[in-house]
Amino acid sequence: MTELTVIMPVYNGEAFLAEAIDSVLKQTFTNFKLLILDDNSKDDTANILNSYKQQDSRIEIITKTENVGPANLRNEGILHAKTEYIALLDADDIALPTRFEKQLLFLKNNLEYGVCGTWFTFFGDKKNKTVKHEETHKQIKIQMLNNCCIGNPTVMLKKSHLADLRFENQYVPAEDYALWSQLVYKTKFYNIQESLLQYRWHPNNISQTKAENLKKSENIIKKKQLLNLGIIFKDANINAYLNAISLTRGLTKNEIKNTVEASKKLIALNVKKQVYSQELFIAHINRIIIKSIRNCTENNWSYYKYIKNYSGYYSKIPTIDKIALFFKCLF
């Protein structure tokens, strides 16, 4: 019986598709089906896919007659998959040979975990930078408040843990962040602390071509997570709560004050609801607030006195930053 389904959406991928497919076929773990969903490509993608299908019976192709987008393609792939274990890979990235083997080993040995990611390394226009995401579930859960901290094309998951959650097309290109930020409250996540994927960076990356929708989507995704602490979308201080969990540079003095008060309320709410590890939650908020204080647009003596005497954060600021703040506000 096949143990793993690899889902790869592609649209006009002729330039890099062969490298991506080859990286799957060269895996040390071999008992998989590679399901490639062609989103009505207009280039030579179809011919490349047919050539590979003739060479390897593990490859299955679904061809769309109209463009539906990567989120919908992945959802169709998940629905089509007959295996418990599902791996994601984009058609311009490269999985290193031991990726599937190591992720499967972790998920099989840790039954309560539903998602396993890895570090990844950029190549192409942005070379040799390795993204090292948090390791443990508790860390990942908190980091999700600020950003997506699991690389989508590095993900391997258990289909039963995903339940009825799916990628939502309205959030593209942050559809992965939207899904993982919901699923992280329903099953445990883990990131293998090793780069097992090469992430190709080029001008046509969807995260670059849809930058405006990315910012808008991320804002909604963060607000949804605040619901777990009882903060609703229509709360009059919603922006202050967002600023307390996710860094916004260039806040005014009054915005800093509101953010500080919001941070105290969030910490108190977490004591009651126990959504996050309290120690890690406080440490996360402290880092955000200290960076916000440092990046305030109003550096005057009134601001300095507020931070030192009333904010409750002065003692947490590193000494060198205290000195810098003093002189910025003095002059």
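The exercises below, each with a worked solution, go through a predicted model of a protein.

**Exercise 1. Describe the protein as a whole: how many helices and strands does the secondary structure come to, and what share of the residues is buried?**

Solution. Begin with the secondary structure, which comes to 14 helices and nine strands. Next take the extent of the chain, whose C-alpha atoms fill a box of roughly 75 × 40 × 35 Å along the principal axes. Then turn to burial, where 52% of the 331 residues are counted as buried. Finally, look at the contacts with a separation of 6 or more, of which 76% join residues 24 or more positions apart.

**Exercise 2. Find the largest nonpolar core, and say which strand gives the most to this core.**

Solution. The general background is that nonpolar side chains tend to be buried together in soluble globular proteins. In this model the largest nonpolar core has 38 residues, and those with the most contacts inside it are Leu4, Val6, Met8, Ile21 and Leu34. The strand that gives the most to this core is β9 (residues 188–201), with six residues. A second, separate core has 35 residues, among them Leu242, Ile256, Ile267 and Ile290. To follow one member of the largest core further, take Met8, which, once its neighbours within four places in sequence are left aside, is in contact with residues including Leu17, Ile21, Leu34, Leu89 and Asp90.

**Exercise 3. Decide whether helix α10 is mostly covered or mostly open, and work out how α10 is placed against α12.**

Solution. First count the buried positions: seven of the eight residues of α10 are buried, and the helix is mostly covered. These are Ile238, Ala240, Tyr241, Leu242, Asn243, Ala244 and Ile245. Their packing partners are α9 (211–226), α11 (253–273) and α12. For the pair in question, the axes of α10 (residues 238–245) and α12 (residues 278–294) come within 7 Å and cross at roughly 105°. Since angles of 65 to 115 degrees count as roughly perpendicular, α10 and α12 are therefore roughly perpendicular to each other. The contact is made by Asn243, Ala244 and Ile245 on the α10 side, and by His284, Ile285, Ile288, Ile289 and Ser292 on the α12 side. By class, these residues divide into five nonpolar, three polar and no charged.

**Exercise 4. Work out how α7 is placed against α9, and which classes of residue make the contact.**

Solution. Helix α7 (residues 175–183) packs against α9 at an angle of about 5°, and their axes are 10 Å apart. Angles under 35 degrees count as roughly parallel, which makes α7 roughly parallel to α9. From α7 the contact uses Tyr177, Ala178 and Ser181, while α9 brings Glu218, Ile221, Lys222 and Gln225. Sorted by class, the contact of α7 with α9 has three nonpolar, two polar and two charged residues.

**Exercise 5. Classify the ring pairs Phe106 with Tyr113 and Trp180 with Phe189.**

Solution. A search of the whole structure finds 19 aromatic pairs. For Phe106 and Tyr113, the ring centres are 5.1 Å apart and the planes stand at 75°, so this pair is edge-to-face. Both Phe106 and Tyr113 are buried. For Trp180 and Phe189, the centres are 6.3 Å apart and the planes are at 75°, so this pair is likewise edge-to-face. Trp180 and Phe189 are also both buried. As a last step, note that Trp301, Tyr304, Tyr314, Phe326, Phe327 and Phe331 form one aromatic cluster.

Key
Residues are numbered from 1 along each chain as its sequence is written. This is a predicted model: local features need pLDDT of at least 70, side-chain atom pairs count only at pLDDT 80 or more; totals for chains, interfaces and linings use all residues. Side-chain values use heavy atoms; hydrogens and water are left out. Axes are lines fitted to C-alpha atoms, for helices over the stretch in contact, and angles run from 0 to 180 degrees between N-to-C directions. Helices (H or I, at least four residues) and strands (E, at least two) are DSSP runs, numbered from the N terminus. Angles under 35 degrees count as roughly parallel, over 145 as roughly antiparallel, 65 to 115 as roughly perpendicular and the rest as oblique. Contact means heavy atoms within 4.5 Å. Ala, Val, Leu, Ile, Met, Phe, Trp, Tyr, Cys and Pro count as nonpolar, Asp, Glu, Lys and Arg as charged, and the others, Gly among them, as polar. A nonpolar core is a set of buried Ala, Val, Leu, Ile, Met, Phe, Trp, Tyr and Cys residues joined through side-chain atoms within 4.5 Å. Buried means under 20% relative accessible area, exposed over 50%, partly exposed in between (1.4 Å probe, protein chains only). Rings of Phe, Tyr and Trp (its six-membered ring) pair if their centres lie within 6.5 Å; planes under 30 degrees apart count as stacked, over 60 as edge-to-face and the rest as tilted.
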